[in-house]
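Here are a few short exercises on how a protein surrounds its ligand. Have the structure open as you work, and try each task before you read the solution.

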Amino acid sequence: MPYVSINPATGEVTAEYADFTPAEIDDKLNLATKAFHGWRQTSIEERSLLLTSAANHLESELPTIAEVLTKEMGKTFASAKGEVGKCALTLRYYAEHGPALLADQIIASPASKSGVRYEPLGPVLAVMPWNFPLWQLIRFAAPGLMAGNVVVLKHASNVPESALLLESLFRRSGFPEGCLVNLFVPGSQVAEVIRDERIAAVTLTGSEAAGQSVATAAGSVLKKCVLELGGSDPFIIAASADLEKTVPMAITGRVQNNGQSCIAAKRFIVVDAVADEFIERFSQGMRDLVVGDPFEPASNVGPLVSAAQRDEVAGQVDDALAKGAIATAGGARIDGPGFYYQPTVLTGVTREMRAGNEEIFGPVAVVYRVDSLEEAIALGNDTPWGLGASIWAEDPAEQEQGIRDLEAGMVFVNAIVGSTPELPFGGIKRSGYGRELSGIGMHEFCNAKTFFVA
Ligand code: NAP
């Protein structure tokens with residue numbers, strides 16, 4: 001039973017589903033192929049109406065849907081409700097702006113008329129992670145469906161209820177059958193699905209290992225692929241930072257989604273001038289967080305997604321402490337049922353420690369103290385990843401220095417790295433390639449067809 005839903009707050013198994021048989025996979029791929037032929041002919045106005053209908057359904061069923069997310073992966077109920085709301089907003093964004101983003105782009109040339117027309121590619125396989133079970137899919141599916149593609153979802157094997165919910169949401173919203181189909185297949189079978197001739201392209205959000213496997217399979221059959229992988233985003237605190245607003249956002253940036261976000265701030269790099277004050281206030285704030293039942297409104301941080309994920313985080317912290325790092329907050333598991341871990345701040349972390357080299361997917365912050373902003377940015381860039389980065393500074397020159405010199409797909413100033421449908425989202429280096437959201441994300445899975453009329 002590889003698709004298993006376990007409540008991370010209790011450790012209780014709540015649902016199990018068998019992997020699809022080859023015949024079931026075949027049926028779903030046929031359904032998607034058939035749906036694509038009809039869907040691509042559907043008018044842009046009709047697509048827009050259906051996206052709006054999906055947004056309406058999300059909003060009218062918001063608490064029920066949010067409950068599924070909290071039960072299945074442990075995020076706080078408040079953040080689950082936020083996730084559902086953001087999905088609705090993004091569907092509305094593409095319903096409203098999709099027609100303009102997909103309109104012919106007229107380009108002057110020696111032709112009497114020429115330019116680019118955006119056409120869909122076909123059924124796109126979406127391999128998705130568990131950490132934002134709805135959002136990760138919607139941020140691809142909203143622009144993808146608007147552009148006329150159809151979606152073949154392979155969700156993470158620990159969030160089957162979210163996968164089924166997504167499939168039913170689009171059906172209940174009036175989309176023709178097959179516009180979004182769910183496959184229960186293990187990660188090890190994804191390459192085979194990518195190679196299936198009915199699949200036109202693939203998008204993956206997940207780990208580097210999965211990225212390598214998906215890119216290899218896509219490359220072997222020359223299919224387009226977008227990769228949204230991991231990161232270890234720097235959070236840089238310059239001398240001109242306003243700590244009143246920086247400290248609370250540092251805490252939120254690290255523990256959002258119980259610390260399990262690709263764009264969570266993971267390395268806090270603070271210049272000496274403000275280091276003592278920042279470390280003291282940040283550590284105190286992390287110690288003050290309430291960890292507990294994600295349905296309890298007072299809880300700031302819920303459990304990690306699984307026992308294995310908590311073991312991984314505990315292993316990274318224990319290794320650092322054994323090699324001389326200091327925990328100025330937390331540093332241990334929380335006993336009892338559920339996969340809870342204390343919000344933790346580590347100082348004195350070096351390259352000899354796992355915490356100095358690996359992405360930490362949990363509520364654990366690593367703080368580095370440096371002499372200057374130049375040194376902070378150099379350390380921020382000294383990483384194999386390049387997803388997001390944030391810089392906290394009131395001085396416009398320091399702000400500009402961060403935007404210019406940080407090597408990342410996204411640089412945020414006086415704000416934690418986030419996503420919004422208007423702006424492209426994605427990384428460089430080992431964080432992957434391609435973009436989601438905005439017009440750029442939508443066009444990733446379009447044939448940008450050149451037309452030339454002599
Ligand atoms: P993961 O193990 O890579 O799982 C993600 C998806 O890939 C799941 O559906 C998984 O299926 C599938 N998968 C696993 N191995 C595969 C393989 N060899 N070939 C094809 N598909 C495979 O990732 P995770 O550990 O659950 O998620 C955390 C990682 O995702 C972190 O590194 C995080 O930073 C990254 N992430 C990135 C973004 C972004 O936007 N850049 C957003 C969220 C998360 P199974 O569950 O069946 O194994």
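**Exercise 1.** In this predicted model, find which polar side-chain atom lies 3.0 Å from a nitrogen atom of the ligand.

*Solution.* Start at the nitrogen atoms of the ligand and look for side chains: the polar side-chain atom at 3.0 Å belongs to serine 213. Next, turn to the ligand oxygens and the backbone. A polar backbone atom of glycine 206 is 3.2 Å from an oxygen atom of the ligand, and a polar backbone atom of glycine 187 is 3.4 Å from a ligand oxygen. With a cut-off of 3.5 Å for N or O pairs, these distances can be read as polar contacts. Finally, consider the area: the ligand taken alone exposes 900 Å², and the protein buries 83% of that.

**Exercise 2.** Work out which elements give two or more residues to the shell around the ligand.

*Solution.* Begin with the helices: helix 5 (135-146) and helix 8 (208-220) both qualify. Then add strand 8 (201-205). To rank them, note that helix 8 gives the most, with three residues. Now step back to the domains: domain 1 (3-229 + 431-453) and domain 2 (234-413) each supply at least three residues to the shell.

**Exercise 3.** Describe the shell around the ligand by residue class, and name the residues that come nearest.

*Solution.* First sort the shell: 14 residues are nonpolar, 10 are polar and four are charged. Then pick out the nearest of the 28 residues around the ligand: Trp130, Arg139, Ser207, Leu229 and Glu359. To finish, place the site: the space that the ligand takes is the largest pocket.

Terms used: Residues numbered from 1 in each chain as written. Predicted model: local features only at pLDDT ≥ 70, side-chain atom pairs only at ≥ 80, totals over all residues. Heavy atoms only, no water. Near = heavy atom within 4 Å. Polar contact = N/O pair within 3.5 Å; in protein donor to acceptor, adjacent residues only side chain to side chain. Areas by Shrake-Rupley, 256 points an atom, 1.4 Å probe, with all protein chains shown as cover. 1 Å grid on protein atoms, 1.4 Å probe; cavity = no way out; pocket = protein on both sides within 12 Å on 5 of 7 lines; lining within 4 Å. Sits in = over half its atoms within 2 Å of the grid points. Helix = DSSP H or I, 4+ residues; strand = E, 2+ residues; numbered from the N terminus. Nonpolar A, V, L, I, M, F, W, Y, C, P; charged D, E, K, R; others polar. Domains from an automatic or database assignment.
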